[in-house]
Amino acid sequence: MSFLGMGRPPATGYDENKINGIKGEMLMIQQMKDRASLVCLEKCIPNYYSDGDLNKGESNCVDRCISKFFQTIKVIGTEMQKQQQGAM
């Protein structure tokens with residue numbers, strides 16, 4: 001008997017392709033979040049700061065930047081889906 005089912009054959013309904021697809025999507029989302037954080041922090045937060053907290057302007061800048069970043073990703077995803085459906 002294996003610990004937590006490791007080494008057992010997959011149960012019915014287990015689809016390796018679905019799981020790999022979900023893992024790929026999770027990785028992509030993590031990479032997008034990391035990229036958005038890097039881009040927006042570089043844009044909105046100065047390299048020098050004297051306060052540990054964001055000021056109002058910095059906070060608003062980061063909020064707008066992240067929002068625009070994900071809106072752009074959404075538009076790109078929608079257009080890619082349309083192109084894929086058109087190709088079929």
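These legends go with close-up views of a predicted model.

**View 1. Two disulfides and how they pair up.** Going by sulfur distances, the model has 2 disulfides. Count the bonded cysteines along the chain and the pattern reads 1-4, 2-3. Cys40 pairs with Cys65, while Cys44 pairs with Cys61.

**View 2. The Cys40–Cys65 bridge.** Here the sulfur atoms of Cys40 and Cys65 sit 2.0 Å apart, inside the 2.5 Å cut-off for calling a disulfide. The S-S torsion of this pair comes out at about -80°, so we're looking at a left-handed disulfide. It joins distant parts of the chain: Cys40 belongs to helix H1 (residues 16-44) and Cys65 to helix H2 (residues 56-87), with their positions 25 residues apart in sequence. Buried or exposed, what are Cys40 and Cys65? Both are buried, which means a relative accessible area under 20%.

**View 3. The Cys44–Cys61 bridge.** What is the handedness of the link between Cys44 and Cys61? With -65° about the S-S bond, the link is left-handed. Cys44 comes from helix H1 and Cys61 from helix H2, so this disulfide ties together parts of the chain 17 residues apart in sequence. The sulfur-to-sulfur distance for Cys44 and Cys61 is 2.0 Å. As for solvent, Cys44 and Cys61 are each buried.

**View 4. Arg64 on helix H2.** Arg64 is part of helix H2. Its relative accessible area is 47%, so Arg64 counts as partly exposed; the exposed label would take a value over 50%. For a sense of placement, try Cys44 as a reference: the C-alpha atoms of Arg64 and Cys44 lie 9.9 Å apart in space, and the two residues are 20 positions apart in sequence.

**View 5. The largest pocket and its lining.** Now for some empty space: the largest pocket has a volume of about 200 Å³. Which residues line it? The list runs Met28, Ile73, Ile76, Gly77, Met80, Gln81 and Gln84. Helix H2 supplies the largest share of that lining, with 6 residues. By residue type, the lining splits into 4 nonpolar and 3 polar, with no charged residues. Gly77 is one of the lining residues, and glycine is counted as polar in this scheme.

Technical notes:
Residues are numbered from 1 along each chain as its sequence is written. This is a predicted model: local features need pLDDT of at least 70, side-chain atom pairs count only at pLDDT 80 or more; totals for chains, interfaces and linings use all residues. Side-chain values use heavy atoms; hydrogens and water are left out. Helices (H or I, at least four residues) and strands (E, at least two) are DSSP runs, numbered from the N terminus. Buried means under 20% relative accessible area, exposed over 50%, partly exposed in between (1.4 Å probe, protein chains only). On a 1 Å grid over the protein atoms alone, a cavity is a set of points where a 1.4 Å probe fits but cannot get out, and a pocket is an open set with protein on both sides within 12 Å along at least five of seven lines; lining residues have an atom within 4 Å of a point. Grid points are joined across faces, edges and corners, and a volume is the space filled by probe spheres set on the points.
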